[in-house]
Amino acid sequence: MQLTLRKLAPALVVVTLALAGCKTAPTKTSDAASSTPQAGQQSTTPATASTVDFYLAHKEPGAGLREISLPDGKLYMQEVPVLTRADLTDAAALVDRQGQNFVGLRFSEAGARKLNDVSSKNVGNMLALVIDRELVAAPLIGEPLNRGVLAFGVSSAQAASEIAAKIRGDAAVPPAGAAPAAKP
């Protein structure tokens with residue numbers, strides 16, 4: 001199923017308003033996000049797919065939180081992810097009418113329930129998206145996210161495409177203007 005702005009528009013309006021004050025800064029996390037399946041679980045993603053996890057994050061330090069240094073301050077993330085790639089059904093690069101670029105995420109039924117529960121209990125905190133141990137975004141939770149979708153702003157269409165491809169587990173997207181790799 002192809003996600004389009006038209007399908008996500010109602011949820012994007014709500015999420016965009018909720019995330020209006022959000023700042024994100026790509027940065028490497030220290031040891032924040034190695035995710036391995038628990039005993040009895042099987043990974044459904046290819047071995048080469050990126051690790052995708054969502055963590056609750058706070059502006060203030062606290063017990064059980066890991067400090068992450070950012071260019072404009074610090075973030076304090078929980079050690080255990082609250083959502084993972086397994087909770088997602090799709091990711092897409094989106095552009096709104098004002099030309100702002102977003103990554104739109106659609107969650108599975110179980111993932112949507114988790115997202116609603118986590119966001120309802122953590123309004124005012126952040127939901128940090130970590131891909132391959134790199135903090136990609138940490139939007140502020142402004143209200144319960146009860147529609148099973150999440151969107152966050154990014155700097156460019158290229159960044160949106162690359163992030164969405166990593167989340168979906170697609171092959172790496174070459175940077176704009178890059179020559180294709182030579183085959184041996």
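These exercises walk through a predicted model, each with a worked solution.

Residues are numbered from 1 along each chain as its sequence is written. Local features need pLDDT of at least 70, side-chain atom pairs count only at pLDDT 80 or more, totals for chains, interfaces and linings use all residues, and side-chain values use heavy atoms, with hydrogens and water left out.

**Exercise 1. A hairpin and its sheet**

Find how strands S6 and S7 are joined, then place them in their sheet.

Solution.
- Start with the terms. Helices (H or I, at least four residues) and strands (E, at least two) are DSSP runs, numbered from the N terminus. Two strands pair if DSSP finds at least two bridges between them.
- Locate the strands. S6 covers residues 88-95 and S7 covers residues 101-107. They run antiparallel, with seven bridges between them.
- Check one pair. Val 95 has Asn 101 in S7 as its bridge partner.
- Look at the turn. Five residues lie between the strands of this hairpin, and Gly 99 takes a positive phi near 85°.
- Add the next strand. S7 also pairs with S10 in the antiparallel sense, over six bridges. Here Asn 101 stands opposite Val 154 in S10.
- Put the sheet together. Three strands form an open sheet in the order S6-S7-S10. S6 and S10 stand at the edges with a single partner strand each, so one side of each has no neighbour in the sheet.
- Note the twist. From one strand to the next it averages 20°. Angles run from 0 to 180 degrees between N-to-C directions, and axes are lines fitted to C-alpha atoms, for helices over the stretch in contact.
- Finish with the helix on top. H3 (residues 157-168) lies across S6, S7 and S10, at about 170° to S6.

**Exercise 2. The two sides of helix H2**

Which residues of H2 are buried, and which exposed residues are on the face turned away from them?

Solution.
- Take the length. H2 (residues 109-121) has 13 residues and reaches 19 Å from its first C-alpha to its last. That is close to the 18 Å expected at 1.5 Å a residue; the expected span is 1.5 Å times one less than the number of residues.
- Sort by accessibility. Buried means under 20% relative accessible area, exposed over 50%, partly exposed in between (1.4 Å probe, protein chains only).
- List the buried residues. They are Gly 111, Ala 112, Leu 115, Val 118 and Ser 119.
- Look down the axis. The buried residues of H2 fall within an arc of 135°, so they line one face. The arc is that of the directions from the helix axis to the C-beta atoms.
- Recall the general rule. An α-helix has 3.6 residues a turn, so residues three or four places apart point the same way.
- Turn to the other face. Glu 109, Arg 113 and Lys 121 are exposed there.
- Find the packing partners. The buried residues of H2 pack against S2, S5, S7, S8 and S10. Contact means heavy atoms within 4.5 Å.

**Exercise 3. Strand S2 and its neighbours**

Work out how S2 is covered and which strands pair with it.

Solution.
- Count the cover. Seven of the seven residues of S2 are buried.
- Split them by direction. Val 52, Phe 54, Leu 56 and His 58 point one way; Asp 53, Tyr 55 and Ala 57 point the other way.
- Compare with the rule. In a regular strand the side chains alternate between the two faces of the sheet.
- Pair with S8. Six antiparallel bridges link S2 and S8, and Phe 54 is partnered by Leu 129.
- Pair with S5. Two antiparallel bridges link S2 and S5, with Asp 53 opposite Thr 84.
- Pair with S4. Two bridges join S2 to S4 (residues 73-78), again antiparallel. His 58 has Tyr 76 as its partner.

**Exercise 4. The nonpolar cores**

Which residues have the most contacts inside the largest nonpolar core?

Solution.
- Define the term. A nonpolar core is a set of buried Ala, Val, Leu, Ile, Met, Phe, Trp, Tyr and Cys residues joined through side-chain atoms within 4.5 Å.
- Name the residues. The largest core has 27 residues, and Phe 54, Val 103, Leu 105, Phe 107, Phe 152 and Ile 167 have the most contacts inside it.
- Find the main contributor. H3 gives the most to this core, with five residues.
- Look for another. A second, separate core of eleven residues includes Leu 75, Met 126, Ala 128 and Val 130.
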